[in-house]
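Me: Could you take a close look at one buried spot in this model and walk me through what surrounds it? I'd like one connected answer rather than a list.

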Amino acid sequence: MHRAVRLIKALIVAVLVMILSILPPGLHFILGPLSPLIGGLAAGIVGRLQGGEAFVFGIIEAVAAGLTAGVLLPHLGHLTLGTATLWFFAIIAALYAGVLGGAAAYFGGRQVGIR
């Protein structure tokens, strides 16, 4: 149960950091693409994630990013791409967010464990 609480706390921190990273005008062009990395690092530190937990964190983040992008992109009115193309971009977003977030969470958790 303790692992689940740390993982949920880490996921909440990661989502908040990612949302806050895309809010500042102008800076969102730089912080937006780096937000899975920044959010994953903060989540690893706050949640004190260990190796397996960081892996699960990355998978959950990948699924959330992929489903969010896959569901939202087809409903944007100005996109004229096919559904298969949009789901392709959703899969790329899932891999990007999952790998960056999971790796950063692993290194963040290791930094807390070393001290």
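Reply: Start with the side chain of glutamate 53, which reaches the backbone nitrogen of glutamine 50 at 2.9 Å. Keep in mind that this is a predicted model. Glutamate 53 sits in helix H3, which covers residues 51-72. Is glutamate 53 buried or exposed? With a relative accessible area of 8%, glutamate 53 counts as buried, because the cut-off for that is under 20%.

So who's around it? Leaving aside residues up to four places away in sequence, glutamate 53 touches Arg3, Arg6, Leu7 and Arg48. Arg3, Arg6 and Leu7 are also part of a wider meeting of two helices: together with Ala10, Leu11, Ala14 and Met18 in H1, they meet Glu53, Val56, Phe57, Ile60 and Glu61 in H3. By class, that contact has 8 nonpolar, no polar and 4 charged residues.

Now the geometry. Two packed helices are described by the angle between their axes and the distance between the axes. Here, the axes of H1 (residues 2-22) and H3 come within 11 Å and cross at roughly 50°. That makes H1 oblique to H3, because the angle falls outside the parallel, antiparallel and perpendicular ranges. The crossing of H1 past H3 is right-handed.

For contrast, look at proline 25, in the loop between H1 and helix H2 (28-47). Proline 25 is exposed, with a relative accessible area of 75%. The C-alpha atoms of proline 25 and glycine 66 are separated by 25 Å, and the two residues are 41 residues apart along the chain.

Conventions. Residues are numbered from 1 along each chain as its sequence is written. This is a predicted model: local features need pLDDT of at least 70, side-chain atom pairs count only at pLDDT 80 or more; totals for chains, interfaces and linings use all residues. Side-chain values use heavy atoms; hydrogens and water are left out. Helices (H or I, at least four residues) and strands (E, at least two) are DSSP runs, numbered from the N terminus. Buried means under 20% relative accessible area, exposed over 50%, partly exposed in between (1.4 Å probe, protein chains only). A polar contact is a pair of N or O atoms within 3.5 Å; within protein, one must be able to donate a hydrogen and the other to accept it, and residues adjacent in sequence count only if both atoms are side-chain atoms. Contact means heavy atoms within 4.5 Å. Axes are lines fitted to C-alpha atoms, for helices over the stretch in contact, and angles run from 0 to 180 degrees between N-to-C directions. Angles under 35 degrees count as roughly parallel, over 145 as roughly antiparallel, 65 to 115 as roughly perpendicular and the rest as oblique. A crossing is left-handed if the near helix is turned anticlockwise from the far one by less than a right angle, and right-handed if clockwise. Ala, Val, Leu, Ile, Met, Phe, Trp, Tyr, Cys and Pro count as nonpolar, Asp, Glu, Lys and Arg as charged, and the others, Gly among them, as polar.
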